[in-house]
Amino acid sequence: MTLELGVLVSGSGSNLQAILDAIDAGRLDARCRVVLSNRPGVLALERARTAGVPSITIDHKQFPTRQAFEERVLSELRAHGVEWLALAGFMRVLSPLLLDEYRGRVVNIHPSLLPAFPGVDAQGQAHAHGVKLAGCTVHFVDSGVDSGPIIAQAAVPVLPADSAEELRLRILEQEHVLFPQALQWIAEGRVRLIEGGDRRARVLIDPRDPDA
Ligand code: GRF
């Protein structure tokens with residue numbers, strides 16, 4: 001199945017770029033229908049324009065409530081035929097308004113090995129804690145902060161002399177591989193969300209069909 005993607009961004013958009021490059025290279029069966037930023041003037045918007053993808057700024061500061069902001073976002077997503085949402089450095093927590101409409105179809109990349117270090121500056125938190133292994137996580141989004149079911153993770157070593165910035169870049173390199181890969185698994189229909197009943201929901205990745 002081709003994923004009809006909307007990508008939500010707030011910043012430099014290097015993960016957006018990785019997604020666009022993977023689509024171009026035939027490694028990701030998706031169409032990027034629209035890129036939507038809550039911050040004006042960010043590099044991610046420029047990247048979308050360069051790639052010929054529609055891009056829109058919806059500045060959350062211009063809306064009186066989260067609800068009003070998300071209503072506007074939702075109407076743009078619908079208008080552009082978006083079926084799956086990729087949060088690529090999007091720095092807003094989503095409310096049930098968007099999450100209900102896109103239930104089970106919102107995917108985020110987070111720069112830590114969740115459940116360690118949710119929230120902002122995950123790489124700085126990991127660096128400050130002196131962990132020896134760091135990494136990134138692609139997960140389904142639920143109503144919490146970086147708390148949804150984990151789809152895929154990649155780990156990187158933390159070297160003794162690393163600055164927080166060096167660690168951030170090492171993790172980012174892996175994000176650019178992991179995010180398109182996890183989206184491709186979804187496109188291949190291999191990602192199964194298993195509701196946990198009284199336990200946490202979990203994700204299983206089905207093995208690749210040898211005949212495919
Ligand atoms: C990435 O580290 C992502 O994991 C986090 O925000 C950063 C966004 O970077 N959520 P970019 O905008 O994709 O370059």
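In which strand is the place of serine 37? I looked this up before anything else, keeping in mind that the model is a predicted one, and I found serine 37 in strand E2, which covers residues 30-37.

**Entry on serine 37.** I then checked how much of this residue is accessible, and because its relative accessibility is 0%, serine 37 counts as buried. Following its side chain, I noted that it reaches the backbone oxygen of arginine 39 at a distance of 2.6 Å. When I set aside residues up to four places away in sequence, I found that serine 37 touches Val9, Ser10, Val42, Leu45, Ile56, Thr57 and Ile58.

**Entry on isoleucine 56.** Since Ile56 was among the residues touched by serine 37, I went to it next, and I located isoleucine 56 in strand E3, residues 55-57. Its relative accessibility is 15%, and therefore I put isoleucine 56 down as buried. Leaving aside neighbours within four places in sequence, I listed its contacts as Val34, Val35, Leu36, Ser37, Leu45, Glu76 and His80. I also looked up one C-alpha separation, and noted that isoleucine 56 and valine 73, which lie 17 residues apart along the chain, have C-alpha atoms 9.5 Å from each other.

**Entry on helices H1 and H2.** I turned to the helices and found that the axes of H1 and helix H2, the latter made of residues 43-50, come within 9 Å and cross at roughly 20°. As this angle is under 35 degrees, H1 is roughly parallel to H2. I recorded the crossing of H1 past H2 as right-handed. On the H1 side the contact is made by Ser14, Leu16, Gln17 and Leu20, and on the H2 side by Ala44, Arg47 and Ala48. Sorting these by class, I wrote down four nonpolar, two polar and one charged residues for the contact of H1 with H2.

**Entry on helices H1 and H6.** What angle do the axes of H1 and H6 make where they cross? I found that helix H1, residues 14-24, and helix H6, residues 164-187, have axes that come within 9 Å and cross at roughly 45°, and H1 and H6 are therefore oblique to each other. Here too I noted the handedness, and H1 passes H6 in a right-handed crossing. From H1 the contact draws on Ser14, Asn15, Ala18, Ile19 and Ala22, while H6 supplies Leu172, Glu175, His176, Phe179, Pro180 and Leu183. By class I entered seven nonpolar, three polar and one charged residues for the contact of H1 with H6.

**Entry on backbone geometry.** Before looking at the loops I reminded myself that most residues other than glycine have a negative phi, and that most peptide bonds are trans. I then found a cis peptide bond joining leucine 114 and proline 115, with omega at about 15°, and I placed proline 115 in the loop between strand E5 (106-110) and helix H5 (122-129). Phenylalanine 117 is in the loop between E5 and H5 as well, and I noted that its phi is positive, near 55°, in a residue other than glycine. With a relative accessibility of 15%, phenylalanine 117 counts as buried.

My last entry concerns aspartate 146, which I found in the loop between strand E6 (133-140) and strand E7 (150-157). Although aspartate 146 is not a glycine, its phi is positive at about 55°, and because its relative accessibility is 17%, I recorded aspartate 146 as buried.

How values were computed: Residues are numbered from 1 along each chain as its sequence is written. This is a predicted model: local features need pLDDT of at least 70, side-chain atom pairs count only at pLDDT 80 or more; totals for chains, interfaces and linings use all residues. Side-chain values use heavy atoms; hydrogens and water are left out. Axes are lines fitted to C-alpha atoms, for helices over the stretch in contact, and angles run from 0 to 180 degrees between N-to-C directions. Helices (H or I, at least four residues) and strands (E, at least two) are DSSP runs, numbered from the N terminus. Angles under 35 degrees count as roughly parallel, over 145 as roughly antiparallel, 65 to 115 as roughly perpendicular and the rest as oblique. A crossing is left-handed if the near helix is turned anticlockwise from the far one by less than a right angle, and right-handed if clockwise. Contact means heavy atoms within 4.5 Å. Ala, Val, Leu, Ile, Met, Phe, Trp, Tyr, Cys and Pro count as nonpolar, Asp, Glu, Lys and Arg as charged, and the others, Gly among them, as polar. Buried means under 20% relative accessible area, exposed over 50%, partly exposed in between (1.4 Å probe, protein chains only). A polar contact is a pair of N or O atoms within 3.5 Å; within protein, one must be able to donate a hydrogen and the other to accept it, and residues adjacent in sequence count only if both atoms are side-chain atoms.
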